[in-house]
Amino acid sequence: MNYLPAPAYVPGIQIYKYNLVRKIGEGKFGQVWLANDLALQCQYAIKILNPGVPVDKRLREAQIGHALCHNNLVRVHQADIQGHGSDYIVVIAMDYMPNGSVVALTNPAGFLPLPDVLQVAKDILQGLEYLHANSFYHNDIKPQNILIGPVGQAMLTDYGIVGVSANGQPVAAPGSYRLHMAPEVITGGQINIQTDIYQAGLTLFRLACGLSHLRSKQATLGWGDYFHAIQNGKLVTKNDFPSFVPTRLQSIILKAIATNPTQRFQAALEMRRAVEKLAFPGHCTVDATGQLVGTNGHNAFRFEKQATGSRKFSLASYKKNLNSGNEIRVSAFSGRDLTSSQADALLGKFIKHVVTGS
């Protein structure tokens with residue numbers, strides 16, 4: 001879509017019946033504002049779409065979003081058109097989610113703790129089940145498009161490049177999010193249920209491992225080699241997963257992003273059922289200082305890796321009882337005079353023990 005630049009908006013401006021409060025998002029499509037609906041006396045998140053595209057194309061997103069009614073999908077309530085010079089402003093009013101997107105919940109390292117990753121996965125896959133059952137392909141699944149709902153549930157939003165299929169067959173992609181582009185979209189430009197599964201898999205990878213991981217790869221490779229890695233199944237491999245991501249979750253993500261669509265989950269329900277089987281006693285996160293820390297039951301875990309000279313390292317792992325406050329050194333996962341790789345391998349085993357209990 002070839003949008004023109006948006007007019008300048010500032011708080012206090014009234015567009016049609018909406019009084020702008022503050023800007024909460026912006027992209028090539030236009031801007032998203034928190035606004036007061038002066039007629040209904042309520043607040044909405046309104047998307048003000050840039051001019052340059054015919055009105056009927058801009059209204060398509062609103063028409064799709066208004067047709068949806070599901071706990072894990074943000075609903076569009078109304079759309080309005082107001083004349084603006086030789087063109088028109090199109091305003092789409094949606095539920096306002098004050099907690100923002102899941103991006104706001106990530107830790108300083110840019111990932112979510114494991115329990116949150118699993119819950120977000122189950123929520124968005126339920127939303128996809130509803131979309132697919134109603135002949136829609138979301139086609140823009142990414143962390144920024146997952147909002148936190150009123151009871152803490154994850155909700156998919158943004159229907160600007162949704163695909164519509166009357167018979168469940170692949171359709172031409174109305175647009176694309178290049179970072180999450182499936183192999184078959186690169187080669188054929190078609191989207192279907194499996195391309196949504198692929199995007200869901202990459203989204204879970206980023207939430208579990210770090211939001212910046214794929215962007216860093218793209219910046220290093222450039223778009224040409226990045227797309228080549230996608231097509232050859234080398235964008236994400238087992239080596240890209242940190243030790244705090246359990247093997248069983250890794251397997252689900254890798255299946256979702258298989259190069260061959262027939263080797264992926266064939267339905268959002270199938271993928272959700274696989275996620276629902278996962279349960280882990282512990283998880284890791286990053287504290288305010290950037291230190292990786294773990295929790296398992298009533299115990300907290302931390303470690304110290306220090307250089308001791310002559311390319312040797314020591315690793316000290318600790319377990320602290322959260323009830324008593326007592327902390328002990330875990331000798332099974334501590335050592336001296338280790339090479340860097342030996343220390344990292346021992347640390348990986350320690351982290352795996354914290355998360356899985358094994």
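**Figure 1. A network of salt bridges in the predicted model.** Glu 129, Arg 272, Arg 273 and Glu 276 are linked to one another in a network of salt bridges, and this view, like those that follow, is taken from a predicted model. A search of the whole structure finds 14 salt bridges, and some of them are taken up in the next two legends.

**Figure 2. A salt bridge between Arg 264 and Glu 184**. The side chains of Arg 264 and Glu 184 meet with a nitrogen-to-oxygen distance of 2.8 Å. Arg 264 belongs to the loop between α6 (247-256) and α7 (268-276), whereas Glu 184 belongs to helix α3 (residues 183-188), so the pair ties together parts of the chain that are 80 residues apart in sequence. Although both carry charged side chains in this salt bridge, Arg 264 is buried, and Glu 184 is buried as well.

**Figure 3. Two salt bridges with residues that are exposed or partly exposed**. Lys 305 forms a salt bridge with Asp 344, and the closest N and O atoms of the pair are 2.7 Å apart. Because Lys 305 lies in strand β15 and Asp 344 in helix α8 (residues 340-356), this pair ties together parts that are 39 residues apart in sequence. Lys 305 has a relative accessibility of 31% and counts as partly exposed, and Asp 344, at 38%, also counts as partly exposed. In the other salt bridge of this view, the side chains of Glu 26 and Lys 23 meet at 2.9 Å, N to O. Glu 26 has a relative accessible area of 54% and is therefore exposed, since the cut-off for that word is over 50%, while Lys 23, with 41%, is partly exposed.

**Figure 4. The nonpolar cores and the surroundings of Leu 235**. The largest nonpolar core has 90 residues, and the residues with the most contacts inside this core are Leu 235 and Leu 249. When neighbours within four places in sequence are left aside, Leu 235 is in contact with Tyr 198, Leu 202, Leu 214, Lys 217, Tyr 226, Ala 229, Ile 230 and Asp 240. A second core, separate from the largest one, has 12 residues, including Tyr 9, Tyr 18, Ala 35 and Ile 48. In soluble globular proteins, nonpolar side chains tend to be buried together.

**Figure 5. Gln 218, a buried residue of helix α5**. Gln 218 has its place in helix α5 (residues 213-231), and its relative accessible area is 16%, so this residue counts as buried, a word kept for values under 20%. Apart from neighbours within four places in sequence, Gln 218 is in contact with Leu 179, Trp 223 and Tyr 226. Tyr 226 also appears among the contacts of Leu 235.

**Figure 6. Helix α4 from its start to the residue that follows**. Helix α4 comprises 17 residues (residues 193-209), which at 1.5 Å a residue should span 24 Å, and its end C-alpha atoms are indeed 24 Å apart, so the expected and the computed values agree. The helix is mostly covered, for 16 of its 17 residues are buried. At the start of α4, a side-chain oxygen of Asn 192 reaches to within 3.0 Å of the backbone nitrogen of Gln 194. After the helix comes Gly 210, which has a positive phi, near 140°.

**Figure 7. Strand β13 and its hairpin with β14**. The side chains of strand β13 (residues 282-286) alternate along its length, with Gly 282, Cys 284 and Val 286 pointing to one face, where they are buried, and with His 283 and Thr 285 pointing to the other face, where they are not buried. Strands β13 and β14 pair in the antiparallel sense over five bridges, and the bridge partner of Gly 282 in β14 is Asn 296. Five residues lie between the strands of this hairpin, in which Gly 290 takes a positive phi near 90°.

**Figure 8. Strand β15 between its two antiparallel partners**. Strand β14 (residues 292-296) runs antiparallel to strand β15 (residues 299-309) and is joined to it by three bridges, with Gly 294 standing opposite Phe 301 in β15. Two residues lie between β14 and β15 in their hairpin, and Gly 297 in the turn has a positive phi of about 65°. Strand β15 also pairs in the antiparallel sense with strand β16 (residues 312-321), here over 10 bridges, and Phe 303 stands opposite Ser 317 in β16. The hairpin of β15 and β16 likewise has two residues between the strands, and Ser 310 takes a positive phi near 55°.

Notes
Residues are numbered from 1 along each chain as its sequence is written. This is a predicted model: local features need pLDDT of at least 70, side-chain atom pairs count only at pLDDT 80 or more; totals for chains, interfaces and linings use all residues. Side-chain values use heavy atoms; hydrogens and water are left out. A nonpolar core is a set of buried Ala, Val, Leu, Ile, Met, Phe, Trp, Tyr and Cys residues joined through side-chain atoms within 4.5 Å. Buried means under 20% relative accessible area, exposed over 50%, partly exposed in between (1.4 Å probe, protein chains only). Contact means heavy atoms within 4.5 Å. Helices (H or I, at least four residues) and strands (E, at least two) are DSSP runs, numbered from the N terminus. The expected span of a helix is 1.5 Å times one less than its number of residues. A polar contact is a pair of N or O atoms within 3.5 Å; within protein, one must be able to donate a hydrogen and the other to accept it, and residues adjacent in sequence count only if both atoms are side-chain atoms. Two strands pair if DSSP finds at least two bridges between them. A salt bridge is a side-chain nitrogen of Lys or Arg within 4 Å of a carboxyl oxygen of Asp or Glu.
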